[in-house]
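Let's walk through this model together, beginning with the place where its parts meet and then stepping back to the whole chain.

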Amino acid sequence: MADRIGFIGLGAMGGPMAANLARKGHDMTVYDTDLAKTVPLAELGASVAGSVAELTAAVDLVITMLPDSPDVEAVLLGPGGVRENGRPDMAVIDMSTIAPATTDRLFTALTQAGIGFADAPVGRLVAHAIRGESLFMVGASGNDFGRVKPVLEGMGTTIHHCGGPGSGIRTKLVNNLIAISVCQVNAEAVTLAQAFGLDIRSTLDVVNGTTATNGHLVSAWPNKVLVDDTDPGFRIRLAHKDVALALDAAKDAGIPMIAGSAVAQALTAAKGTAGFGEKDFSALLDFVSGMAGIKPPRFDT
Ligand code: NAD
């Protein structure tokens, strides 16, 4: 029989995700400290619990989609929480973005109580959550993954099993470091386009057909540095020049280039290091890993 689902945290992400599960016919009980958030779920036929303890008693699988580490820890491990009121045959999916150390503590404590655990933080945006098109990065044992996968499929289209417990949240932090850093660069670049008087739509038509889409990780790096090919390509020396040109222009326009300046400093350092100026710009990976004394990352090693 399918797991009865308890959903805790019905905010911007959790609300639509829980609604998708309810629409797909899952047996649902929901809880949120803000009672108003439960109303749309009740309209879809979900039961509304008055406490975490009441919810836990009524379900087989608990999903948390809460703001931050202390919220999740309190709900799962605190007094009146899921561990205290749970049964050994239950499972928990935490979909919140929290500290990996907290995830590790949750896994250990719940496992000791015989409760299965998967960290399944969410990629993509609220609009995807509404459409049931979320992406999940799952950290779980093989057994727990098999149990939670059909539930995640009720909320998303793309489910990655990243490895054991804790690997989902760590993947999420890696992903967000990239996504949020790129966002800052995009903000600076599009502001520069505006200051130049460019048409923003046609600027996007251009950059969305170049590696500015972060095709580095889609197609460039897998065919260059990650397979040990750092021959140019586009030289670090030239990349340094181009960024310097953009920064000069931005300075003239009075636009702060916080991330751009940091990138320029990295390129200055790489260019000044023996041999690197003439390497393909994907060899920045080797420069950074070299500074850290870490073996250059490669596929299959
Ligand atoms: P949100 O603030 O909109 O929703 C959080 C919900 O949790 C609220 O309804 C709140 O009332 C409820 N809540 C708080 N403490 C509670 C408790 N102790 N018991 C029960 N309910 C409680 O946040 P969100 O945007 O839905 O994000 C949730 C998590 O998902 C965060 O960790 C966030 O970083 C992550 N996330 C967000 C997005 C996004 O685009 N918004 C995307 C991916 C991941």
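About 600 Å² of area is buried between domain 1 and domain 2, and carbon and sulfur atoms account for 65% of it. On the domain 1 side, T97, P100 and M137 stand out: they supply 57% of the area that domain 1 buries against domain 2, more than any other three residues. Please keep in mind as you read that this is a predicted model.

Where do these two domains lie along the chain? The domain assignment places domain 1 at 5-164 and domain 2 at 170-292. Their centres, taken over C-alpha atoms, are 37 Å apart. In terms of residues, eight from domain 1 are in contact with five from domain 2.

Now for the polar side of this interface. The rule finds one salt bridge across it. If you would like to find a salt bridge in the viewer, look for R170 and D104, whose closest N and O atoms are 2.9 Å apart. Between the two domains there are also two residue pairs counted as being in polar contact, both at pLDDT 80 or more.

Which elements give two or more residues to the side of domain 1 that touches domain 2? They are the helix α6 (100-112) and the strand β7 (122-123). Sorted by class, that side of domain 1 has five nonpolar residues, two polar ones and one charged one.

With the interface in view, we can step back to the protein chain. It has 14 helices and nine strands. Along the principal axes, the C-alpha atoms fill a box of roughly 65 × 45 × 30 Å. Of the 301 residues in the chain, 41% are buried. The contact pattern can be described by sequence separation: among contacts between residues at least 6 apart in sequence, 63% join residues at least 24 apart.

One last stop is a backbone detail that you may want to look at. D228 has a positive phi of about 70°, although this residue is not a glycine. Where is D228 found? Follow the chain to the loop between α11 (215-223) and α12 (236-253), and you will find D228 there. Is D228 buried or exposed? With a relative accessible area of 54%, D228 is exposed, the cut-off for that class being over 50%.

How values were computed: Residues are numbered from 1 along each chain as its sequence is written. This is a predicted model: local features need pLDDT of at least 70, side-chain atom pairs count only at pLDDT 80 or more; totals for chains, interfaces and linings use all residues. Side-chain values use heavy atoms; hydrogens and water are left out. Domain bounds come from an automatic or database domain assignment. Contact means heavy atoms within 4.5 Å. Buried area is the accessible area (1.4 Å probe) that two parts lose on being put together, summed over both. A salt bridge is a side-chain nitrogen of Lys or Arg within 4 Å of a carboxyl oxygen of Asp or Glu. A polar contact is a pair of N or O atoms within 3.5 Å; within protein, one must be able to donate a hydrogen and the other to accept it, and residues adjacent in sequence count only if both atoms are side-chain atoms. Helices (H or I, at least four residues) and strands (E, at least two) are DSSP runs, numbered from the N terminus. Ala, Val, Leu, Ile, Met, Phe, Trp, Tyr, Cys and Pro count as nonpolar, Asp, Glu, Lys and Arg as charged, and the others, Gly among them, as polar. Buried means under 20% relative accessible area, exposed over 50%, partly exposed in between (1.4 Å probe, protein chains only).
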